[in-house]
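Here's a quick look at how some helices pack together and where the nonpolar side chains gather. Have the model open as you read.

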Amino acid sequence: MTTPDTTGTAPMAGVARSDADEANRLSPGTARSASGYRPGYEVAAERVLELIVTLGLAPGDRMPTENDLAERLGTSRTVVREAVKILSALGRVRAQKGRGLYVADDPGMLGGGRGNPFFLPTDLEHVYMLFEFRRAQEMEASRLAATRATPAELRAIEQAVEVCRHGLEIDQVEMFARGDDAFHDGVASASHNFFLAIAVREARRLQSQSNIIGFPGVLGGHAAKAVEEHAAIFRAIRNGEPETAAQAAAVHIDNTLQDYRQEIQRRLFHRTGGSSR
């Protein structure tokens with residue numbers, strides 16, 4: 001799932017650096033696979049992204065061939081081919097028939113160009129910065145929506161809340177995720193600022209990448225609470241209360257981060273041989 005968000009509204013700059021430092025000391029893939037089996041192509045996909053950064057490749061640059069990647073990663077060409085399919089679907093790599101592999105030349109608003117950082121969904125520092133960015137953008141989107149949302153937009157946001165709630169009640173993850181996407185897109189659209197709407201959408205797209213490649217299955221620990229947080233944001237927007245809406249959005253994003261951090265800590269704890277209750 002894409003969502004549940006975390007408690008409190010304290011500033012998040014530099015948050016959880018100790019978690020990132022500890023994870024970075026582990027060998028590639030170790031912390032990320034500590035909680036159970038991960039297919040080789042998932043591990044290969046994250047390592048291809050790491051290689052792009054190591055080689056200093058920018059959007060539009062040609063990448064090593066599948067054979068070269070297999071040799072560098074110490075795996076088979078078949079595994080590399082499956083990893084490339086994942087990265088192509090996520091918009092990170094572009095395969096041109098007969099010409100080879102390229103770093104995607106349209107990485108999106110937040111993808112990074114030459115000289116700018118390339119978002120790594122397995123880099124904890126990048127992920128934490130992304131949460132910080134989402135917090136700022138979604139607070140402002142909610143604040144503006146409380147003063148600008150039309151009746152039709154309010155109905156769409158309310159309907160998205162109910163889709164999430166129903167998905168939770170019948171244990172349908174895809175329905176919950178669909179409602180979650182519709183909710184955040186709906187609030188961003190109701191801000192009537194298309195730059196802000198694009199920023200919110202891009203940040204959520206990148207966070208989805210970190211869930212798929214970096215920490216599959218990380219989020220979703222408090223989906224029931226997330227539904228109520230959605231409802232609180234909606235009520236504040238409907239009632240025309242900008243600051244209440246902004247603070248409700250902050251709580252929601254903070255709770256997602258807390259859920260994420262707890263999962264990372266749990267995996268690191270298992271990695272070092274501890275036991276959990």
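A crossing counts as left-handed when the near helix is turned anticlockwise from the far one by less than a right angle. In this predicted model, the crossing of helix 8 and helix 10 fits that description: left-handed.

Two helix pairs are set side by side here.

| Pair | Axis separation | Crossing angle |
|---|---|---|
| Helix 8 (residues 173–190) and helix 10 (residues 223–238) | within 12 Å | roughly 25° |
| Helix 6 (residues 124–148) and helix 10 | 7 Å | about 40° |

Angles under 35 degrees count as roughly parallel, so helix 8 is roughly parallel to helix 10. On the helix 8 side, Phe176, Asp180, Phe183, His184 and Val187 do the touching, and they meet Ala223, Ala226, Val227, His230, Ile233 and Ile237 of helix 10. That contact splits into 8 nonpolar, 2 polar and 1 charged residues.

Helix 6 and helix 10, on the other hand, are oblique to each other. Ser142, Ala145 and Ala146 from helix 6 meet Ile233, Ala236 and Ile237 from helix 10, giving 5 nonpolar residues, 1 polar and no charged.

Now for the cores. The largest nonpolar core has 23 residues, and Ile157, Phe183, Val187, Ile233 and Ile237 touch the most other members. Helices 6, 7 (151–169), 8, 9 (194–214), 10 and 11 (242–271) each chip in at least two residues, with helix 10 giving the most, at 5. There's also a second, separate core of 18 residues, with Ile52, Leu73, Leu101 and Val103 among them.

Definitions and conventions. Residues are numbered from 1 along each chain as its sequence is written. This is a predicted model: local features need pLDDT of at least 70, side-chain atom pairs count only at pLDDT 80 or more; totals for chains, interfaces and linings use all residues. Side-chain values use heavy atoms; hydrogens and water are left out. Axes are lines fitted to C-alpha atoms, for helices over the stretch in contact, and angles run from 0 to 180 degrees between N-to-C directions. Helices (H or I, at least four residues) and strands (E, at least two) are DSSP runs, numbered from the N terminus. Angles under 35 degrees count as roughly parallel, over 145 as roughly antiparallel, 65 to 115 as roughly perpendicular and the rest as oblique. Contact means heavy atoms within 4.5 Å. Ala, Val, Leu, Ile, Met, Phe, Trp, Tyr, Cys and Pro count as nonpolar, Asp, Glu, Lys and Arg as charged, and the others, Gly among them, as polar. A nonpolar core is a set of buried Ala, Val, Leu, Ile, Met, Phe, Trp, Tyr and Cys residues joined through side-chain atoms within 4.5 Å. Buried means under 20% relative accessible area, exposed over 50%, partly exposed in between (1.4 Å probe, protein chains only).
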